[in-house]
Amino acid sequence: MENDEVDTLELAKRIVLTMLAPVVMDDRQPTASEVTNAANLVAGMLLGQGQQVDPTQLAKAVEADTAVFQEVSVGLSNDAEHEPWISQARAERSWDFWERYRRYTEDVIDLPRRVVRRLDRTTDEILGQIEDPRRPGQWRRAGLVIGQVQSGKTGQYIGLAAKAVDAGYGLIVILAGIHNDLRSQTQLRVDEGLLGFDTQYQRRMKEAGTKARFIGVGRLERSKRLDIASPTNSSETGDFGKKSAETVNFPLGKFPVVLVVKKHWKILEYVKTWVGEFSGVETGSGEKRVPNVPLLVIDDEADNASINTEQDPEADPTRTNGAIRSLMNTFHKAAYIGYTATPYANIYIDPTTSHSDFGADLFPESFIRTLPSPSNYFGPERVFGLQNENKEDWEVDPLPVVRHVFDSDQWAPPKHKSSFRPVEPLPGSLQRAIESFVLSCAARRFRGQSKVHNSMLIHVTRFTDVQEVVRDQVEDFVSLLADNLGDRYGKSADAMEQLNRLWKEDFVPTTNFFSDSEAPRITWEQVKEHILPSIRKIEVKTINGTSRDVLDYYDNRKTGLSVIAVGGQKLSRGLTLEGLTVSYYLRTSSTYDTLLQMGRWFGYRPKHEDLCRLYTSPELQAAYVEVTSATDELRKEIEEMAALGLTPKEFGLKVRTSSLGLAITAPNKMRSGTRVRISYSGEGPETTVFDLSPKVLLNNFEALTRFAERLDSTSVRDTTKKRAGVVWKGAKPAEITRFLNDYITANAAFRVRPGYIAKYIERCAEVGELQSWTVYLVGKTNPANEDVIANQKIGRVTRNKRGDDKICILRRVVSPADEQTGLYDHQIKAAQNQAAEEAKKNGKKKLPSRPPGVYLRKQRKASEALLLIYLVDHTKENGAYTSEPIIGFQVSFPESDVFEQTEYVVNSIWRGEDTEAGYGDVDGEDDL
């Protein structure tokens, strides 16, 4: 495809998208007829100007762009002492930096318009969660934004920074990783998207001089020259240092200032010294503080280096963590927003931690928000798939892009020392991966992507000396392949035939899996002519701390860089490999977060998803499947808790542990994490914490009334024994889950979540378990108060209670004898014998007078279960009874033959340690 044809098609597509802008503004995908009519009109218009474009091809290009969508972001928030402001500010303030960035994302980066609309909305939502920079007084806000690996978090927080500057934040400090190359890469993105000038040539937009060089947003037509400055620059040595702290004299507050710095305590101390000396005011303690310049700290990769790993919570924090907190304390008005794709370490920060000198830790007490990725994101769920919990089916089918490596152990064993040297030749799998990279470059050239970046990742070792050997071997192989294809040794036909076989066996069936709009079809004859120029363009580089090689994408932006990057640690977090198509990855990792961060192959692959390949071991693929599933579960849990309106400090987080021996994160980042085993198999979840708001009490009472009426019509009342309540037998699982889903529990009742219980029942019912239920609505004889339910008077039970007028806390709601309901005498006796044997085994002299619930539940068949429901009396402070009782319940689950316990690591909030309320089950029972 000729480049001028591509340029005409791109021009036509932009015109059509502009015509369809009103539809996109409504967050709606244009209909096929709307796209076709607009494409025909634009094609005719261009034809009249002597430019030809196929209207059908144009319509397909537009449909591919407008079909991309992005779900809304959700999150938890704490609005205590927070004043809403963003809606009013949107109407009253100028948003020049944001409008300039929006135009840049649409017209230059070419993001789909619906994605830009979502970016506008999510940045508004996040900005609105921190404080209005014009708000007087002292304030502090701290939040966390959870994205996906390589999903566009940098572009997102640049958009946020643009709006923050427009709103009035005077200083933006972006913490960009721990390596110079990542900091440099981030600074360049900030230069292009926010500043508008090349910081290697100037430090302020309005700085006079002939060296001024505008880039990115600064080069847009009709772009305003918005005054903004940056003491840091995009060179490898452009970080903020001691010299900068002594010489930079920007007057904070006169115009916005942006710093992009490495996450290192010394650099942060230089920043603190600088702002204190040039803009600080003496306080009574001798410290200088900045009273009137609002600070926004954006912490990229917030789980890396920012976490306080000091084991003693009373001790001084680790240096980088302390330096971030100290910088925040220097400002009267400060906001901190962490961005990460792997938030495991962040959720284990103890929210109660504070220090007399450093202040509160970086727990996101103000908000936690998830960022769904656009539908065209090439991410873990699509690459590796998502399995159902029974691991028999796939919720999301994996893409056919993973290729297993079985022949690398001799060449690069999973465990080796720095003195190890890979022997030649390269394993066949790596040779095939390199050949695949050559073919992907050639195919992209045919598709009109001849001046784009193409990258291949080889990550097999963390040792730099070993990486150098690998680089030399790979370069030798690429050179030999290029010589053979160039017929230097008369081997062109054989080399080309080998690539032809790879194309037909691998690329053709994979491309056929994708739709035409995602992956335009290519024949071998079409790709063949582009192979030789593609391989001649490839460079092989080592990217590590000792190598002088750099990924100079910016310097090659006009022609495109084709590179095979051999590396390790520097390629494992934050750094983007532009145009990455083929990855050869064998580096093992012992933690979830490191494993995900090493996945540099995630991102966006417009019109070349079918050309992407990941060569890795089956063991690593299994690990990624497991980590993907656990991370997806965490995101869904955040979304569920957001729907309940919880604050971050009320939200108990848990992360499923690995069956493959992986840790969630480094042990020193999990100081407040606790391992627990969670399952309802053989368990008796019981409500003990209750919301006393009239709305909740009424909802639960009405839910019970409807439930009892349904049971009366679908189940059988048991009248064989005289009871103070009602017993139904043969209730169906769907009725039980309906009641549980209607029931509202207290936000603080982390241990008993009816929605989770209902999901467990549904899963068991799908495999034939929990089919028949006994429901016992427990009453009390001679009650002080009673209610009529299912045409029978049910006496309210009384329990010893703690709490206040908002929350009620019980030690137990169930009377242990009630859990015998539905069991035969011989089952009860068997449970009693088991309990006695266990007591004797443990050396206890006093045997239990009746079998505890754990032994009773062992006697139930997997197909049968018991639901106990109690109407608990409650009096107000004035001694009057509430109109509705507290509705409590316990579910007595049998042991499942299918679903075993799952281990999680939970944070302190999940355990309820921050409340002293004793939420959760407590051994023993109240006086009944």
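**Exercise 1. Classify the accessibility of Ala305 and describe its backbone.**

Solution. Step 1: Ala305 has 27% relative accessibility, so it counts as partly exposed; buried means under 20% relative accessible area, exposed over 50%, and partly exposed in between (1.4 Å probe, protein chains only). The model is predicted: local features need pLDDT of at least 70, side-chain atom pairs count only at pLDDT 80 or more, and totals for chains, interfaces and linings use all residues. Residues are numbered from 1 along each chain as its sequence is written, and side-chain values use heavy atoms, with hydrogens and water left out.

Step 2: Ala305 is found in the loop between strand S7 (295-300) and helix H12 (319-329). Helices (H or I, at least four residues) and strands (E, at least two) are DSSP runs, numbered from the N terminus.

Step 3: Although not a glycine, Ala305 has a positive phi of about 75 degrees. Most residues other than glycine have a negative phi, and most peptide bonds are trans.

**Exercise 2. Determine whether Gln150 is buried or exposed, and locate it.**

Solution. Step 1: The loop between strand S2 (139-146) and helix H8 (153-167) contains Gln150. Step 2: Its phi is near 60 degrees, a positive value in a residue other than glycine. Step 3: Gln150 counts as buried because its relative accessibility is 14%.

**Exercise 3. State the geometry of the peptide bond from Glu424 to Pro425.**

Solution. Step 1: The bond is cis, with omega near 5 degrees. Step 2: Pro425 lies in the loop that joins strand S15 (402-404) and helix H15 (428-446).

**Exercise 4. Describe the packing of H15 and helix H16 (residues 464-485).**

Solution. Step 1: Two packed helices are described by the angle between their axes and the distance between the axes. Step 2: The axes of H15 and H16 come within 11 Å and cross at roughly 55 degrees; axes are lines fitted to C-alpha atoms, for helices over the stretch in contact, and angles run from 0 to 180 degrees between N-to-C directions. Step 3: H15 and H16 are therefore oblique to each other (under 35 degrees is roughly parallel, over 145 roughly antiparallel, 65 to 115 roughly perpendicular, the rest oblique).

Step 4: Leu430, Gln431, Ile434, Glu435 and Val438 in H15 meet Val474, Phe477, Val478 and Leu481 in H16, contact meaning heavy atoms within 4.5 Å.
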